[in-house]
Amino acid sequence: MDATVLFLVSFLVFFLLIGGIVFAAKAADARAAAARVQAAWAENAAARDEAHENRASISRVEKIHADDDAAAQFYDKVPKQFLYTKQQAATALAMSTGRLNDLIRAGKITAAQDGGRVKFTSADLQAYVDSLPSSGGSPAAEPECNPGAE
């Protein structure tokens, strides 16, 4: 009987030892996973803070005095874009990319080749806009201001 009790006690100690090792390993994995989640959360929080700062700086509008040219102030602050993709050019010209392709084929708008891609310069877009005929609306439609006529 002593051998049986000794065997059972040894068997119980062995399983408790193995169970403790497995439990410790799972606890270490859980702590590592929690640390990874916390690191990801901190990284995302930093990205959210940066995005918030960017939105705040974009939403700031400087005061423009009444006698200043508002459009000139705005365009001086916007970075100049040199090349436009087909989609960007079509959007800028308020047309579809299909219509833009038709204009390229007809030679009414010129495009530059950037490798295998078609790009448009701002000068190309402006030249096309300048070549469009005016609508023929008369300037007399606006009220004329003549303070000395009264």
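Two residues are in contact here when heavy atoms of theirs lie within 4.5 Å. Keep that in mind for the legends below, and remember that the model is predicted.

**Figure 1. Asp 124 and the residues it touches.**
Asp 124 belongs to helix α5. Setting aside neighbours within four places in sequence, we find Asp 124 in contact with Ile 109, Thr 110, Ala 111 and Ala 112. Is Asp 124 buried or exposed? Its relative accessibility is 15%, and since buried means under 20%, Asp 124 counts as buried.

**Figure 2. The whole chain, before we zoom in further.**
Five helices and three strands make up the protein chain. Follow the sequence from start to end and you'll meet them in the pattern α-α-β-α-α-β-β-α. The chain has 150 residues, and 9% of them count as buried. Its accessible surface is about 12700 Å², with 61% of that belonging to carbon and sulfur atoms. Now take the contacts between residues at least 6 apart in sequence: 43% of these join residues at least 24 apart.

**Figure 3. A nonpolar patch on the surface.**
Which residues make this patch of about 900 Å²? They are Phe 7, Leu 8, Phe 11, Phe 14, Phe 15, Leu 17, Ile 18, Ile 21 and Val 22. Pick out Phe 14, one of the patch residues, and you're looking at a part of helix α1, which covers residues 2-59. Phe 14 has a relative accessible area of 45%, so it is partly exposed.

**Figure 4. The largest nonpolar core.**
Eleven residues come together here: Tyr 84, Ala 89, Ala 90, Leu 93, Met 95, Leu 100, Leu 103, Ile 109, Phe 120, Leu 125 and Tyr 128. Helices α3, α4 and α5 (122-131) each chip in with at least two of them. Leu 100 is a handy residue to start from. Beyond its neighbours within four places in sequence, Leu 100 is in contact with Lys 86, Ala 89, Ala 90, Leu 93, Met 95, Ile 109 and Phe 120.

**Figure 5. A three-stranded open sheet.**
Go across the sheet and the strand order is β1-β3-β2, with antiparallel pairing. Which strands stand at the edges? They are β1 (83-84) and β2 (112-114); each has a single partner strand, so one side of each is left without a neighbour in the sheet. In general, strands of a sheet pair through backbone hydrogen bonds.

**Figure 6. Strand β3 and its two partners.**
Strand β3 spans residues 117-121 and is joined to β1 by two bridges. On the β1 side, Leu 83 is partnered with Thr 121, while Tyr 84 is partnered with Phe 120. Tyr 84 and Phe 120 both turn up in the largest nonpolar core, too. How many bridges link β2 and β3? There are three, and this pairing is antiparallel. Within it, Gln 113 has Val 118 as its bridge partner. The hairpin of β2 and β3 has two residues between the strands, and Gly 115 takes a positive phi near 70° there.

**Figure 7. Two salt bridges.**
The structure holds two of these. One joins Asp 102 to Arg 105, with the closest N and O atoms 2.6 Å apart. Why are these two residues about one helical turn apart? Because they sit three residues apart in helix α4 (residues 97-106). Arg 105 is exposed at 65% relative accessible area, and Asp 102 is partly exposed at 38%. The other salt bridge brings together the side chains of Lys 119 and Asp 114, at 3.4 Å from N to O. Here Lys 119 counts as buried at 15% relative accessibility, whereas Asp 114 is partly exposed at 40%.

**Figure 8. Ala 94 and its positive phi.**
Ala 94 isn't a glycine, yet its phi is positive, at about 55°. Where is it? Look in the loop between α3 (86-92) and α4. With 72% relative accessibility, Ala 94 counts as exposed.

Definitions and conventions
Residues numbered from 1 in each chain as written. Predicted model: local features only at pLDDT ≥ 70, side-chain atom pairs only at ≥ 80, totals over all residues. Heavy atoms only, no water. Patch = residues over 30% accessible without salt bridge, like charges linked within 9 Å, V, L, I, M, F, W, Y side chains within 5 Å. Areas by Shrake-Rupley, 256 points an atom, 1.4 Å probe, with all protein chains shown as cover. Salt bridge = Lys/Arg side-chain N within 4 Å of Asp/Glu carboxyl O. Helix = DSSP H or I, 4+ residues; strand = E, 2+ residues; numbered from the N terminus. Buried < 20%, exposed > 50% of the residue type's maximum accessible area, 1.4 Å probe, protein only. Core = buried A, V, L, I, M, F, W, Y, C linked by side-chain atoms within 4.5 Å. Pairing = 2+ DSSP bridges.
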